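Good morning, everyone, and thank you for making room for me today. Please take a moment to look at the sequence and the structure before I start talking about them.

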Amino acid sequence: MKRYNFIFLVLIFFVNNTNILAQNNVIKKIVLDAGHGGKDPGALGTGRYSKTEKDISLDVTLKLGKYLNAEFPEINIIYTRKKDTFPTLKDRTNLANESNADLFISIHCDSFTKSSAKGTSSHVMGLRYTQENLRVAQKENSVIYLEDNYEENYDGFDPYSPESIIAFSLSQTTFLDQSILIAQKIQEQFRDRVKRTDRGVKQTPLWVTRATNMPSVLVELGFISNPSEEDFLNSEIGQSYMASAIFRAIKSYKNELETSNYNLAIDNSEKIDKNDSSKLYTKKETTQKDVIFKVQIKTSLKIKMIEPVMNYNVDVFKENNLFKYTIGSVSNIEMAREVQKIAVSNGYKDAFIVAFINKNKISISDAINYKKQLQ
Ligand SMILES: [Zn+2]
């Protein structure tokens, strides 16, 4: 009899424990944000169609919502607009924050002066000083000029001023890793399943991804200034393919977050760190207090074995419950940039430099300042 009680208790504990762990990662609310709307048409396209960016974004957003609803009726799908209306950027982010959403997906179409520009991209918050990022940032942020009191509403944020963008973007990065994860999954789906040109995951200073307190991504479905991409995005089948791709990415992200293997993976990682003699996961002890730069190439929820990149073995560290993979371990930023180039040319298009002092991650600017002090 005692034995049965014991088994029963163990079972109760196990079930409860699993529930607690699972509940923390459950996705209950998703905000879908169709870009632009109402008096703001967004990008106009080539002029061959009556539909502009606001219409295509809404069509794809509503399809995506329908797919999510059919597969996951338990998830609350919240739309920033379901019709041709004009919510401000602040209305959209306020709605997401007030509803405590677990994920924010903003859907847009790209556009450029040259009709040959093509491809899809996914943008998470952050700041990269590339022409491409500033182009997208200005295009998607400039809608605030259509509001009467934009200076008051956006605390002086000016989408055309680099200083303003920098001040606005130097901020918390709590949800950056999860945002990158969902963005990578969306780009993989666009590239591998819908055969779209992949412009990559970018860290772009955008109002909607910065002001939301949850993992968030802004998706550019393609260039409606490019006739063939415009044809595709105006077609019923093209819109269904793009909505399905985002749907599968969300499903995969949700599974990865919620699966019990996720918790097991973390337990295993502790063992790997201590016992595994594989070079890939060997941690080097730093005895001297010095700054080192590495290049982060990938992030995952479950631990993975990553093949070396050229001659560089892959290191892994854990931060915010995510495994982060780096290559290189160099003492100055110039060398780190060379390693970053190698990562990029080996397929890690979004590789970026990270800095550590002993085992603690620090910002790149702190690392550079610290190096200067030592000289
Ligand atoms: Zn847009």
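I will speak about the metal site, then about the aromatic rings, and then about charges over rings.

Please keep in mind throughout that what you see is a predicted model.

Let me begin with the zinc ion, and with the question of which protein atoms are its donors. The donors are NE2 of H36, an OE atom of E53, ND1 of H108, and E140, which is listed twice with OE, and these atoms lie 2.0 to 2.5 Å from the zinc ion. If you follow the donor residues along the sequence, you will find them spaced as H-x16-E-x54-H-x31-E. Where do H36 and H108 lie in the chain? H36 belongs to the loop between strand 1 (29–34) and helix 2 (53–71), while H108 is in strand 3 (residues 103–110), so this pair ties together parts that are 72 residues apart in sequence. As for whether they are buried or exposed, H36 counts as buried because its relative accessibility is 6%, under the 20% cut-off, and H108 is also buried, with a relative accessible area of 5%.

Now to the aromatic rings, where the count comes to two pairs. In one of them, the rings of Y67 and F247 have centres 6.3 Å apart and planes at 75 degrees, and because an angle over 60 degrees counts as edge-to-face, that is what we call this pair. Y67 lies in helix 2 and F247 in helix 10 (residues 236–258), so the pair ties together parts of the chain that are 180 residues apart in sequence. Y67 counts as partly exposed, at 24% relative accessibility, whereas F247, at 11%, counts as buried.

F247 also pairs with F72: here the ring centres are 6.3 Å apart and the planes are at 40 degrees, so the pair is tilted. This pair, too, links distant parts of the chain, with F72 in the loop between helix 2 and strand 2 (76–79) and F247 in helix 10, 175 residues apart. F72 is buried, its relative accessible area being 8%. Taken together, Y67, F72 and F247 form one aromatic cluster.

Lastly, I would like you to look at charges that sit over rings. The charged end of R196 sits over the ring of F232, at 3.7 Å from the ring centre, and the charged end of K294 sits over the ring of F356, at 5.5 Å from the centre of that ring.

Thank you for listening.

Note on methods: Residues numbered from 1 in each chain as written. Predicted model: local features only at pLDDT ≥ 70, side-chain atom pairs only at ≥ 80, totals over all residues. Heavy atoms only, no water. Donors = N, O, S within 2.8 Å, 3.2 Å for Na, K, Ca; no water. Helix = DSSP H or I, 4+ residues; strand = E, 2+ residues; numbered from the N terminus. Buried < 20%, exposed > 50% of the residue type's maximum accessible area, 1.4 Å probe, protein only. Phe/Tyr/Trp six-rings, centres within 6.5 Å; stacked < 30°, edge-to-face > 60°. Lys NZ or Arg CZ within 6 Å of the ring centre and 35° of its normal.
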